[in-house]
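Reader: Hello! I would love a close look at one part of this protein, with the details a bench biochemist can follow on screen. Could you walk me through it?

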Amino acid sequence: MSQREYLRQMPGQTGATLSPGLAMRLHLDAPLLAGLFVLMLGGLAVLYSAGGESLEMVIRQCVRFSAGLTALFLLAQIPPRSYRFWAPFLYCGGLGLLVLVLIAGTEAKGAQRWLGIPGIGRFQPAEAMKLAVPAMVAWYFSERTLPPKLLDVLVALALLGVPAALIGMQPDLGTAILIAASGLVVLFMAGLSWRLIAVAVLLVVTAAPLMYFFVMHDYQRNRVDTFLNPEADPRGTGWNIIQSKTAIGSGGVDGKGWLDGTQSRLDFLPESSTDFILAVLSEEFGLVGVSFLLMIYLVIVGRGFFISWQAQETFSRLLASSLTMTFFIYIFVNIGMVSGLLPVVGVPLPLISYGGTSIVTLLASFGMLMSIHTHRRLMSY
């Protein structure tokens, strides 16, 4: 019996949740797609103001959204078993590109993070590892019994540690943290014991001072110092976060109104269209606007975890959880960074900040989520 016939015969049960409508036939998840579109449209409005009413910037962002939505649609058509098969190859290819970046990458603003393609432009291989690393770790655990044994945990840590270290050498601490976190989420969802988690936290806390003095670059140590006391250098390293908090506080409950902010439009707030765009939104739309944004984010994250919960295979469940949690970490780190609760690490606000490769990667990850959800097999009862 075909899926369509099965659903037609059971309208009160499975057919109510797995109706073969247009979205299902296209392997798209309508609630998730609706939330993403609300984010993108709102992001374009905020970007127009943050960019000094630059229509050119908005058009470029639309082009990137179009590329990301194309990637989302294409990846949604690929069944999860294909991701599982290709995960090791994509991971190894990504590692090769990261090594190539360190050897022959394009340098900009003191960082060597990009590879140039003649006739096309440049791209950031580290962004692709946000998909390859969780897929690789999920593939590794899908082949083993869970909860993981100590040896499996060490192998998983190596799988996520190598690319994170290569990206940290570029240097790009924000992306390295996100990639490490995406792999750690898979490890946690695989059933890592709380005893090992406690030991890991203790090791990180112990190693933090050593990392500060012997591992971090000078600009990274300055970010930590600024986080602890931004007023120590109010016209230098502390300027960004002080102006950001000023913008957030001045918005009040309902904001100053669209295009009426002062901190960004009078150039007091650097990086107003990228890392600190939340400060612009808060100033112009106030607590009401920020609350609405957080509500949309919550809907998307909740839908992602629902998809993970419904996944029928270990690989799909682990991958969906990791992709969803990585999106949440984006939100958490950016909001904490802009409000002064976390050090500045250069993490954009998802689908709101002006960006390039990161937008395509984020939307591609949602295509993988939709694939996991729409390629589920009907359960027999």
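Author: Happy to; here is a walk around the contact of α7 with α15, the loops beside them and a few further places.

A word on the ground rules: this is a predicted model, in which local features need pLDDT of at least 70 and side-chain atom pairs count only at pLDDT 80 or more, while totals for chains, interfaces and linings use all residues. Residues are numbered from 1 along each chain as its sequence is written, and side-chain values use heavy atoms, with hydrogens and water left out.

Let us begin with the helix pair. Helix α7 spans residues 125-142 and helix α15 spans residues 357-374; helices here are DSSP runs (H or I, at least four residues; strands are E, at least two), numbered from the N terminus. Their axes come within 9 Å and cross at roughly 15°. Each axis is a line fitted to C-alpha atoms, for helices over the stretch in contact, and angles run from 0 to 180 degrees between N-to-C directions. That crossing makes α7 roughly parallel to α15 (under 35 degrees is roughly parallel, over 145 roughly antiparallel, 65 to 115 roughly perpendicular, and the rest oblique). The crossing of α7 and α15 is right-handed, meaning that the near helix is turned clockwise from the far one by less than a right angle.

Which residues meet there? From α7 come Glu127, Lys130 and Leu131, and they meet Thr357, Ser358, Thr361, Ala364, Ser365 and Met368 of α15; contact means heavy atoms within 4.5 Å. Sorted by class, the contact has three nonpolar, four polar and two charged residues (Ala, Val, Leu, Ile, Met, Phe, Trp, Tyr, Cys and Pro are nonpolar; Asp, Glu, Lys and Arg are charged; the others, Gly among them, are polar). The general rule helps when you look at such a list: an α-helix has 3.6 residues a turn, so residues three or four places apart point the same way.

Now step back to the loop between α14 (314-338) and α15, where Ser353 lies. Ser353 is buried, with a relative accessible area of 4% (buried is under 20%, exposed over 50%, partly exposed in between, with a 1.4 Å probe and protein chains only). Its side chain reaches the backbone oxygen of Thr274 at 2.6 Å. Setting aside residues up to four places away in sequence, Ser353 touches Gln61, Ser273, Thr274, Asp275, Ile277, Pro348 and Ile359. Leu351 is also in the loop between α14 and α15, and Leu351 is buried at 2% relative accessible area. The phi of Leu351 is near 65°, a positive value in a residue other than glycine.

On the α7 side, the loop to α8 holds Pro147. A cis peptide bond joins Leu146 and Pro147, with omega about 0°. Helix α8 (residues 150-168) contains Asp152, which counts as buried at 10% relative accessibility. Apart from neighbours within four places in sequence, Asp152 is in contact with Tyr140, Phe141 and Arg144.

Finally, two further stops. In helix α11 (residues 218-228), the buried residues are Gln220, Arg221, Val224 and Thr226, and their cover includes α9 (173-189), α10 (194-214) and α12 (239-250). Ile242 lies in α12, where it touches Pro230, Glu231 and Pro234, again not counting residues up to four places away in sequence.

Key: Polar contact = N/O pair within 3.5 Å; in protein donor to acceptor, adjacent residues only side chain to side chain.
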